[in-house]
Amino acid sequence: MYVAGHLDDRAAVADAQRAVVAAGHELTHDWSQDLECTTNYASRPDDSAQIAQADLTGVMDADAVIVLASSPKPGRGLFVELGAALARAEMGLLRHVVAVGTIVHESVFYFHPRVRRVGTVEEWLAEVESPAAS
């Protein structure tokens with residue numbers, strides 16, 4: 001699984017990741033560890049390219065993409081990750097695209113038919129089978 005969120009919402013991302021792992025799932029990538037280059041991406045193009053590739057690979061390798069939708073600041077990267085997840089879902093390669101929390105910065109894509117909207121990560125995890133049960 002991959003958890004997308006705003007850079008300033010790292011605590012919520014970490015909480016969601018802990019819940020995912022505690023439920024027996026694996027993370028495909030923890031982007032919150034790649035924070036050396038969080039502003040002025042153009043000043044560090046090689047680092048920025050590696051981070052972008054790792055983040056996108058995390059989405060592409062995931063069996064579920066969880067987007068934390070309640071950050072008070074609008075995301076940019078999380079909308080790219082949501083778009084990649086929806087493209088995979090449309091191609092039949094991803095079953096779960098989940099928007100978690102109250103949607104603060106609306107995007108029409110939060111309302112795409114393949115997006116499941118829930119209040120908490122735990123609420124959604126209770127609906128899906130844990131890997132140990134399968």
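Trainee: Which residue in β2 does Tyr 2 stand opposite?
Mentor: This is a predicted model, in which local features need pLDDT of at least 70, side-chain atom pairs count only at pLDDT 80 or more, and totals for chains, interfaces and linings use all residues. Residues are numbered from 1 along each chain as its sequence is written, and side-chain values use heavy atoms, with hydrogens and water left out. Strand β1 (residues 2-4) runs parallel to β2, joined by three bridges; strands pair if DSSP finds at least two bridges between them. Opposite Tyr 2 in β2 stands Val 65.

Trainee: How many bridges join β2 to β3?
Mentor: Strands here are DSSP E runs of at least two residues, and helices are H or I runs of at least four, numbered from the N terminus. Strands β2 and β3 (residues 96-100) run parallel, with Leu 68 opposite Val 100. The number of bridges joining β2 to β3 is five.

Trainee: Is strand β2 mostly covered or uncovered?
Mentor: Buried means under 20% relative accessible area, exposed over 50%, partly exposed in between (1.4 Å probe, protein chains only). Ala 64, Ile 66 and Leu 68 point one way from β2, Val 65 and Val 67 the other, and all are buried. With five of its five residues buried, β2 is mostly covered.

Trainee: Which element gives the largest share of the largest nonpolar core?
Mentor: A nonpolar core is a set of buried Ala, Val, Leu, Ile, Met, Phe, Trp, Tyr and Cys residues joined through side-chain atoms within 4.5 Å. The largest one has 35 residues, and those with the most contacts inside it include Val 65, Ile 66 and Trp 124. Six residues, the largest share, come from α3.
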